Amino acid sequence: MSITIAISNHKGGVGKTTSTVNIGAGLAMEGKKVLLIDMDPQANLTQSYGITKSEVSIYEVLTGEAEPIPVTVFENLDVLPSTLDLSGAEMELSNEAGREYILREAIAPIASKYDYILIDCPPSLGLLTINALTAADEVYIPLQAHYLAIKGLTKIVEVIGKVQKRLNKNVQITGVFVTQFDKRKVLHRDVVETIYTYFQDKLFNSRIRDNIALAEAPSQGLDIFRYDPECKGAEDYRSLCKEIIERHAQL
Ligand SMILES: Nc1ncnc2c1ncn2[C@@H]1O[C@H](COP(=O)(O)OP(=O)(O)OP(=O)(O)O)[C@@H](O)[C@H]1O
Ligand SMILES: [Mg+2]
């Protein structure tokens, strides 16, 4: 059975794309069949794997012009890429009946091929994100350990609650993890405590530390494990992937 996880936070630059790429790569290295879906018109996930051109992008899939045919980037790891065209999709699809269910329906025929489908969401709570949440079983929220990072949380929690009520009763926030973490900073430790108070055991134990290699790897079209398998970033995402697999093993 495949598990679909939306990686979402309407705040920009919190590590959604970096996490989707590296969790995906880490799970694939553990032998899981993984599909990554780039739902962001910025197409950063697509660019992180150096995909410049593909026959089918998620835009064509959402508009019904094409079937979903992912690009295989590494063993066990496929990507449904994005293009800038996707920025027009919110407008184009806004009058369509059942517009929130388009992604869910579109990927249904290929979902069973995968153990994990991870969706990289844009930094907004518009129709593209709503489609991701409607297609998802679980939501992971990456958070930076800043005071303001937790201030905006009520908004996304509220939106996920509405999606749960009206569109997809199964979807739940099941995971929260801290990115760009520096344990020497008192503020970071304090904020993590606040996050724990709020999310309890949904907060993963693994912290993703600040690590320049994570910012460099996309320029080579590589995930962190292929770019520098010994760096802190690889260590942290490896540890997070282990936790993810363990959580699902307990289900
Ligand atoms: N742990 C980390 N250490 C150092 N740099 C990081 C780390 N995680 C992410 N970055 C860098 O921070 C920037 C923002 O990360 P990323 O693109 O993953 O965030 P995002 O939430 O997807 O952004 P957006 O909201 O624009 O989609 C990128 O330049 C990325 O390389
Ligand atoms: Mg992103």
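**View 1. Elements around ligand 1 in the predicted model.** Helix 1 (16-29), strand 7 (172-181) and helix 10 (212-216) each contribute at least two residues to the shell around ligand 1. Helices (H or I, at least four residues) and strands (E, at least two) are DSSP runs numbered from the N terminus. The shell holds 19 residues, with Lys 16, Thr 17, Thr 18, Pro 123 and Ala 215 the closest; a residue is near a molecule if its C-beta atom, placed from the backbone, lies within 6 Å of it. By class, 6 are nonpolar, 10 polar and 3 charged (Ala, Val, Leu, Ile, Met, Phe, Trp, Tyr, Cys and Pro count as nonpolar, Asp, Glu, Lys and Arg as charged, the others, Gly among them, as polar). This is a predicted model, in which local features need pLDDT of at least 70 and side-chain atom pairs count only at pLDDT 80 or more, while totals for chains, interfaces and linings use all residues. Residues are numbered from 1 along each chain as its sequence is written, and chains are lettered from A and ligands numbered from 1 in the order in which they are written.

**View 2. The open sheet.** Its 8 strands follow the order 3-4-2-5-1-6-7-8, with mixed pairing (two strands pair if DSSP finds at least two bridges between them). Strand 3 (71-74) and strand 8 (203-209) are at the edges, each with a single partner strand, so one side of each has no neighbour in the sheet. The twist averages 25° from one strand to the next (axes are lines fitted to C-alpha atoms, for helices over the stretch in contact, and angles run from 0 to 180 degrees between N-to-C directions).

**View 3. Strands 7 and 8.** These strands pair in the parallel sense over 3 bridges. Val 178 stands opposite Arg 207 in strand 8.

**View 4. Helix 12 on the sheet.** Helix 12 (residues 232-249) lies across strand 1, strand 7 and strand 8, and runs at about 165° to strand 8. Residues are in contact if their C-beta atoms, placed from the backbone, lie within 7 Å.

Note on methods: Two residues are in contact if their C-beta atoms, placed from the backbone, lie within 7 Å.
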